[in-house]
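Me: I'm new to this structure and would like a close look at one small part of it. Could you start with one pair of residues and then show me what lies around and beyond it?

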Amino acid sequence: MSVRFRSSYLIIVIATGGVVLFSVILNKTLLPRKNAFYYIPSAKYIKFVSGTFYSLAAHLLFVKAVLDYPEEIPHKTYYIISLCRIVVSLDHNIKEAFFFGGVVAPKTPKEIKEGISFLEEGLKVFPSDWRIPFWIGFNYLQLGNYSRAIELYKYASSLPKSPPFLKSNLPFLYYRAGSVEEGVIYLNSLLCSIKNKHLKDIIKKKIQWLKDLSFLKKKVEDYYILYHSWPSSLDELVKKNLLDKIPEDTFGRGFYLDYSKGKIPLVKSRF
Amino acid sequence: MKIIAPIFFELKQGVREKTFWVVVFFFIFLLGVSLFLGELSLGDTGAVLRTVCLSSIELSALGLVIVRYTYNFYREKEFRLTDIYLSYFSAAHYIGGKLGGAIIVLFIYLFLSGFLGSLLLILNGAFKSTVFTGIYSIFLKLCFICSFVFLVCSLINSPLLSSFLVALIYLASELSYNALRLTSQAKYVFIKLVSKTLYYVLPNYHKVDLKIHAIYGVPISTLYMAEITLYTCFYVILCYFVTVTIFERKDH
């Protein structure tokens, strides 16, 4: 082996050792965390420079929004919704961007309202897609606005390819909105239009459940008329012979009286 | 026909060169990346896979066309192969052979990458038959670029400048429609006129490109496909004759 070849071989070995050593040392060295730069590009500029690759650009931005979601970002919801807005303006077929920006990202009531306004933009683009009014209704549920949620669920259930649960969950929404009687009237009229036997049976059971709630509410009012005080529990209605027995709660773990909202009790179901 | 021989030489050379197979492996790598992107995207993984697959096919084929054909043209000139060809064939046959061979090699590459891409989509349950429409539109787009490669190479003596100029022409063709929309709001008539002229001179990619239809499974009418094919043929023939004229006048 020539001297020159031996020295080159030696240098290669030393350099490899140095690379491995420094790689190990750098792994153990703690560097201060770099501040990430969360930039919201302009949709117009991206549209201009992406040419015929605008769908690719939209999908890449959507992936970026998904990847940035777990990060600690100032005004995170605004950032995610803005990115999702750019995604749908580039390629409006990416409906998942409406779901991510409108439902997944918002957490606080203020952010949920922003999510609702973003989803309402989607409703204009996809008026016959049941998912968007359903997502808006879900957001209103989170805000506790059950009446608005009921309207949107009803609308979503009337759209093509909507799943049966949109109809079968309406009794629960009417119960939460405190509009039990209204729910019974609506669902009885809905029964005529349902052909699926299984779905019909579920809705009939739920109508009976709502009727039981309405019946118990009336009996509580009758107790007040008779004794000028509200009963402490539903068992008192049975003791005072206003009821033979408390109806079976087919969907919860039993009916009860809820005094948390004030002096006047509300008949509730334990879920 | 005398033009068949140079086409055959170009084709044989094209599929044997390392550049061709490097691009194929690069494309396979991009397909792998598309799988990861599909996992990261919530919901419609299929659309992401189709988007990245078609974009990878187009960009890798573009790289093949620009790098391989440009450098090959100048290498033949450097090794005096061009003179040998021109002693047997006329300039028209030589350029026609190179262009025809280049288009066939491009077709073979798109066939191969389309096959691999379709296989990946089928394995992931994301395949739609409209993907072939998308690949065909990519073929038409790159036929324009093939014709520009030889036009620019005949004009310019530097391979680096030629490949850079062809890449710019591709970019300009991609953005010409957006630029036209932007400049339609301009104050000065001169700017609108220049922008409109450039738009009609450059290939109208936004009309030829069918990737978005391929991604979302929207079928295209046979009439429209015939129209864009004819548009491409006329444009390539025009570029061919301009190239032959320039090539004959230059001292080769």
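In which helix do Asp201(A) and Lys197(A) lie, and how many residues apart are they?

Reply: Happy to, and keep in mind that this is a predicted model. Your two residues both sit in helix H12 of chain A, four residues apart, which is about one turn of the helix. Their side chains meet in a salt bridge, at 3.3 Å from N to O. As for how open they are, Lys197(A) counts as exposed because its relative accessibility is 61%, and the cut-off for exposed is over 50%. Asp201(A) has a relative accessible area of 33%, so this residue is partly exposed.

Helix H12 turns up again if you look for pockets. The largest pocket has a volume of about 400 Å³. Its lining counts 17 residues, and those closest to the centre are Tyr175(A), Gly178(A), Leu266(A), Val267(A) and Lys268(A). Three elements of chain A each bring at least two residues to this lining: helix H10 (170–177), helix H12 (197–227) and strand S2 (266–269). The largest share, four residues, is from H12(A). Sorted by class, the lining of the largest pocket has eleven nonpolar residues, one polar and five charged.

Now for salt bridges elsewhere. Across all chains the count is 15 salt bridges, yet between chain A and chain B the count is zero. In chain B, try Lys141(B) and Glu58(B), whose closest N and O atoms are 2.6 Å apart in a salt bridge. Lys141(B) belongs to helix H6 (residues 130–155) and Glu58(B) to helix H3 of chain B, so this pair ties together parts that are 83 residues apart in sequence. Here the setting is a buried one: Lys141(B) has 0% relative accessibility, and Glu58(B) also has 0%. Buried takes a value under 20%, so both of these residues qualify.

There is another salt bridge in chain B, between Asp209(B) and Lys211(B), with the closest N and O atoms 2.8 Å apart. Asp209(B) counts as buried because its relative accessibility is 8%, and Lys211(B), with a relative accessible area of 4%, is buried as well. These pairs belong to something wider: Glu58(B), Lys141(B), Glu174(B), Asp209(B) and Lys211(B) are linked in a network of salt bridges.

Two of the helices in that story have other residues to look at. Helix H3 of chain B, which covers residues 45–78, also holds Ser56(B). Ser56(B) has 5% relative accessibility and therefore counts as buried. Leaving out residues up to four places away in sequence, Ser56(B) touches Phe27(B) and Leu30(B). In helix H6 of chain B you'll find Cys143(B), which is buried because its relative accessibility is 5%. With the same neighbours in sequence left out, Cys143(B) touches Ile103(B), Leu106(B), Thr232(B) and Val236(B). Take Ile103(B) from that set: Cys143(B) and Ile103(B) are 40 residues apart in sequence, but 6.3 Å apart in space, C-alpha to C-alpha.

Next, where the chains come together. On one side are 21 residues of chain A, in contact with 27 residues of chain B on the other. The area buried between the two chains is about 1,900 Å², with 73% of it from carbon and sulfur atoms. On the chain A side, Phe48(A), Thr52(A) and Phe53(A) give 34% of the area that chain A buries against chain B, more than any other three residues.

One last stop is the second largest pocket, which holds about 310 Å³ of space. It is lined by 16 residues, and those nearest its centre are Gly51(A), Tyr54(A), Tyr177(B), Asn178(B) and His206(B). Helix H7 (159–183), helix H9 (205–208) and helix H10 (211–215) of chain B each supply at least two lining residues, and H7(B) gives the most, with four. The lining of this pocket divides into six nonpolar, five polar and five charged residues.

Notes:
Residues numbered from 1 in each chain as written. Chains lettered and ligands numbered in written order. Predicted model: local features only at pLDDT ≥ 70, side-chain atom pairs only at ≥ 80, totals over all residues. Heavy atoms only, no water. Buried < 20%, exposed > 50% of the residue type's maximum accessible area, 1.4 Å probe, protein only. Contact = heavy atoms within 4.5 Å. 1 Å grid on protein atoms, 1.4 Å probe; cavity = no way out; pocket = protein on both sides within 12 Å on 5 of 7 lines; lining within 4 Å. Points joined across faces, edges and corners; volume = space filled by probe spheres on them. Nonpolar A, V, L, I, M, F, W, Y, C, P; charged D, E, K, R; others polar. Buried area = accessible area lost by both parts, 1.4 Å probe. Salt bridge = Lys/Arg side-chain N within 4 Å of Asp/Glu carboxyl O.
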